[in-house]
Structure formats: structure tokens, C-alpha cells
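New to this one? Here's a quick tour of a few charged residues and the company they keep.

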Amino acid sequence: MNEILAILPATLRTILTALPIAVRENLEEIRLRQNQPLEVRFGQQSSYVTSSGQITSIPAQGWLFSAEEAAKLLNQVSQHSLYALEEELKRGYITVVGGHRIGIAGKVVLDKGEVKGIRDVTSFNIRIAREKKGAAKKVMPYLFEDGKLQNTLLISPPQCGKTTLLRDMARTISYGSEWSSSRKVGIVDERSELAGCLQGVPQRDVGPRTDVLDACPKAAGMMMLIRSMSPDVLIVDEVGRSEDGDAVWEAIHAGVAVICSAHGASVKEVAERPMLGKLIRYGAFSRYIVLSRAKGVGTIQAIYDQSMNLVEREKVAWSS
């Protein structure tokens with residue numbers, strides 16, 4: 001949290017520092033929209049914040065984020081050089097020290113139909129990256145069979161902890177554990193969330209034997225890592241496009257284990273999507289892990305094997 005506070009304008013920093021400790025320690029998102037009240041998400045709820053740092057459910061009582069504050073924040077984040085952030089602005093988010101991600105919205109600039117950048121930035125979504133070492137402990141025993149790492153699809157609705165879980169899977173596999181010796185891990189981190197790289201250097205502990213392709217399209221990145229870094233396992237967040245599926249299939253048949261994630265609430269729901277449905281029908285994955293927030297962020301709702309037999313249900317959330 002100190003890394004986030006360091007890049008905020010003084011007024012906003014003072015307000016957030018005054019938040020109740022229980023809120024500050026569990027912050028997931030800080031949402032700032034020009035001429036709208038400051039909003040924070042923590043635990044299982046979202047609330048507005050007053051100018052004195054108090055939580056309120058009434059928008060009119062929230063501190064208004066002004067155009068002046070928006071300009072200050074953008075300058076702070078870019079270190080007064082928007083040109084240096086040109087590539088990040090094209091993607092719609094900026095990664096800062098600590099691996100935290102700041103999503104942005106505003107006037108999109110197009111060039112021949114392609115997004116060239118965003119100007120007149122009016123909305124910011126500061127997502128707090130938190131490491132939860134040990135988050136993968138409850139699922140690791142189910143990822144191995146006779147010592148072999150199983151191809152796994154992690155299914156989760158938004159904000160249920162899938163990126164945190166994937167990160168800790170990578171760390172655990174890279175270091176080695178009671179279930180397996182250390183293995184080479186390749187991460188394709190298209191949105192700079194898993195490893196939280198800054199200038200190519202992971203800001204999160206993803207293990208000593210892990211190589212990261214940051215801000216790289218997933219399909220291209222998987223093939224690049226296989227050719228150049230000979231990983232034992234590939235870890236990729238949020239597959240969904242047809243080319244992602246082709247790359248997963250290629251990786252599996254190249255002898256590389258794959259652990260990836262997809263948005264969804266159940267295996268059935270995900271199986272209705274064209275690319276993922278095809279991978280599921282052809283037996284690409286041997287394990288399916290479904291997350292929810294039923295008992296807090298990171299609730300392991302169910303684990304299934306390749307035949308959709310239930311292996312485990314409702315293990316306690318890693319956040320509890």
C-alpha cells in the first residue's frame with residue numbers, strides 16, 4: 001500500500017491514509033472518476049470515502065475527484081512524461097512499482113482504426129496487487145498424479161482471487177515443494193498482473209526458476225517461451241481467443257504442462273464458449289478448479305478431474 005500512496009497527489013494520499021486500518025489493510029481497488037466521489041472496494045463491499053477518510057454508503061458525502069486532481073495523478077504516475085507511457089496508454093493500464101495496476105479510461109485516440117492511446121484521462125482504477133504466499137497450498141496436491149503435473153484450467157468470476165492463486169502456483173512450482181521438485185516455469189503476463197513486471201523485472205515473487213514475458217500477447221508468448229526458454233510448465237491468465245486455444249493445444253503436444261485461467265462461474269458455463277469448449281471436449285485439461293467468494297476471496301468451490309468427477313468441494317478460502 002505504501003507503494004501506491006507514494007505516487008498519489010497529497011490530498012488523496014492524506015484521505016486514504018486516514019481510512020480505518022481494517023479497510024486500508026484489505027483494499028482491493030481505489031476507483032477515481034472525475035467529478036464523482038472516491039470509491040474503494042475492500043473485502044466483500046464497495047463504499048465511498050469522505051474527505052476525512054471515513055467510509056459512507058451515500059455518494060453525496062464522498063470526496064469529489066476533481067479535474068485538477070486527475071491531472072495531478074496522471075502526472076505523478078507518468079513521472080511528468082506521458083510520452084514514456086505511450087505503450088501502456090494504448091493498453092489502457094499502467095503498471096507501477098510493486099506490480100500494482102492502474103486502469104484508465106477517457107477519450108480514445110484512433111489511428112487507422114487502431115487504438116493509439118488515451119487522452120483526457122478521466123477515470124482511474126487502482127488495483128492493489130497483493131501476494132498471498134501459501135494461497136496454492138490447498139490445491140497443489142490435486143495438480144499432480146504419479147509425479148506428473150496435470151494440465152489445469154482455473155475458472156473464476158472476476159475478483160475471486162484467480163490471479164493471486166495462479167501467481168502462487170507459479171511460485172510453488174518454481175521453488176519446488178513436498179509434491180514436486182523444482183521446475184522451470186514460463187509466464188506469459190499479457191496484462192502485467194501475474195508477475196507485476198516493471199521494466200521487465202517481476203515485482204512479485206514468482207520463483208527463482210521462472211521466466212516472464214511481460215505485456216506479450218498470450219498465443220505468441222507461449223510459442224516464444226517454448227522455443228527460447230524450454231519451460232516445464234506454462235502459466236497464462238485469462239485465455240479466451242481462438243489463437244490462445246491453438247497455442248495451449250500446441251504447448252500440450254510439445255510436452256509442456258499448461259496451467260491457465262478463464263472467466264466463468266462453472267465448468268459448464270466455460271464449456272459453452274467456442275474455444276474453451278473445444279479444448280474441454282478434446283481433453284486438453286486433466287484438472288478444473290472453480291473459485292468463488294462464497295467464504296471470502298479465493299474460496300475453492302470445486303475441483304474436478306478430466307471426466308468431470310468431483311475431486312474436492314468447498315475448501316476454505318485462502319483469504320480466511
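Let's start with aspartate 305, which sits in strand β18, a stretch covering residues 299–305. Keep in mind that this is a predicted model. After that come arginine 101 and lysine 138.

**Aspartate 305**
- Aspartate 305 is buried, yet has no salt bridge.
- The nearest side chain of opposite charge belongs to arginine 287, and that's 5.7 Å away. A salt bridge needs the charged atoms within 4 Å, so this pair doesn't make one.
- Backbone partners do turn up: a polar atom of the aspartate 305 side chain lies 3.0 Å from the backbone nitrogen of serine 307.
- That side chain of aspartate 305 also reaches the backbone nitrogen of asparagine 309, at 2.9 Å.
- Setting aside neighbours within four places in sequence, aspartate 305 is in contact with Ser286, Arg287, Tyr288 and Val311.

**Arginine 101**
- You'll find arginine 101 in strand β8, residues 100–111.
- Its relative accessibility is 12%, so arginine 101 counts as buried.
- Leaving out neighbours within four places in sequence, the contacts of arginine 101 include Tyr93, Ile94 and Thr95, along with Asn125, Ile126 and Arg127.
- Arg191 and Glu193 are also among the contacts of arginine 101.

**Lysine 138**
- Lysine 138 is on a loop, the one between β9 (114–127) and β10 (144–145).
- Buried or exposed? Lysine 138 counts as partly exposed, because its relative accessibility is 31%.
- Lysine 138 and isoleucine 300 are 162 residues apart along the chain, and their C-alpha atoms are separated by 8.5 Å.

How values were computed
Residues numbered from 1 in each chain as written. Predicted model: local features only at pLDDT ≥ 70, side-chain atom pairs only at ≥ 80, totals over all residues. Heavy atoms only, no water. Helix = DSSP H or I, 4+ residues; strand = E, 2+ residues; numbered from the N terminus. Buried < 20%, exposed > 50% of the residue type's maximum accessible area, 1.4 Å probe, protein only. Lys, Arg positive; Asp, Glu negative; His and termini not counted. Polar contact = N/O pair within 3.5 Å; in protein donor to acceptor, adjacent residues only side chain to side chain. Contact = heavy atoms within 4.5 Å.
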